[in-house]
Amino acid sequence: MEQDPGFIAAVEEAKQGYAEGGVPIGACLVSKEGKILGRGHNLRAQKGSATLHAEISALENSGRLPASAYEGATMYTTLSPCDMCTGACILYKIKRVVIGENMNFVGGEEYLLNRGAEVVVLENAECKGLMAKFIEEKPELWNEDIGV
């Protein structure tokens, strides 16, 4: 699964966010047919946004799609999704959420499972390392991002 184009795109997005001085979380939405619908990274710091987390950015970059486009889709994300991003996945009936890592933060995984989504945690070392490095370098930005 770590070789899936969706996961690779999510990791690329996380690295881009880090290079821009933002929170290094990336996401990619892939249709049930395997087509990348949209990808994005956390842009809260870069755009001064309260809501542009990676998953929301990927949804935004997917454009306006019919509900059927989201059903059965997979959201790849480099970090466990927060409550807001979890809610967006549930709202759009995204079937599966593939998470790069959940050691640095655990979000709404249980809620996703309770609402019928499949949750896969990869425990990816690259995702863990990038996030841990960022948290060490910019704890104030990280705390702001998770609402602390």
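**Exercise 1. Locate S62 and describe its surroundings.**

Solution. Begin with the secondary structure: S62 belongs to helix α3 (residues 54-62), where helices (H or I, at least four residues) and strands (E, at least two) are DSSP runs numbered from the N terminus. This is a predicted model, in which local features need pLDDT of at least 70 and side-chain atom pairs count only at pLDDT 80 or more, while totals for chains, interfaces and linings use all residues. Residues are numbered from 1 along each chain as its sequence is written, and side-chain values use heavy atoms, with hydrogens and water left out.

Next, consider accessibility: S62 has a relative accessibility of 11% and counts as buried, a term that means under 20% relative accessible area, with exposed meaning over 50% and partly exposed in between (1.4 Å probe, protein chains only).

Then turn to the neighbours: a polar atom of the S62 side chain lies 2.9 Å from the backbone oxygen of A58. When residues up to four places away in sequence are not counted, S62 touches L29, L37 and G38, contact being heavy atoms within 4.5 Å.

**Exercise 2. Find which parts of the chain the salt bridge of E13 and R39 ties together.**

Solution. Start from the search of the whole structure, which finds 5 salt bridges, each being a side-chain nitrogen of Lys or Arg within 4 Å of a carboxyl oxygen of Asp or Glu. One of them is formed by the side chains of E13 and R39, at 2.8 Å from N to O. Because E13 lies in helix α1 (residues 5-19) and R39 in strand β2 (residues 36-41), this pair ties together parts that are 26 residues apart in sequence.

Now compare the two partners: E13 is buried, with a relative accessible area of 8%, whereas R39 is partly exposed, at 29%.

**Exercise 3. Work out how R44 is paired with helix α8.**

Solution. Take E144 first: its side chain meets that of R44 in a salt bridge of 3.5 Å, N to O. This pair links distant parts of the chain, with E144 in helix α8 (residues 139-145) and R44 in helix α2 (residues 44-47), 100 residues apart.

Take D145 next: D145 also forms a salt bridge with R44, and the closest N and O atoms are 3.2 Å apart. Here, too, distant parts are linked, since D145 is in helix α8 and R44 in helix α2, 101 residues apart.

Finally, check accessibility: R44 is buried, with a relative accessible area of 12%, and D145 is buried at 8%, while E144 is partly exposed at 45%.

Conventions. A polar contact is a pair of N or O atoms within 3.5 Å; within protein, one must be able to donate a hydrogen and the other to accept it, and residues adjacent in sequence count only if both atoms are side-chain atoms.
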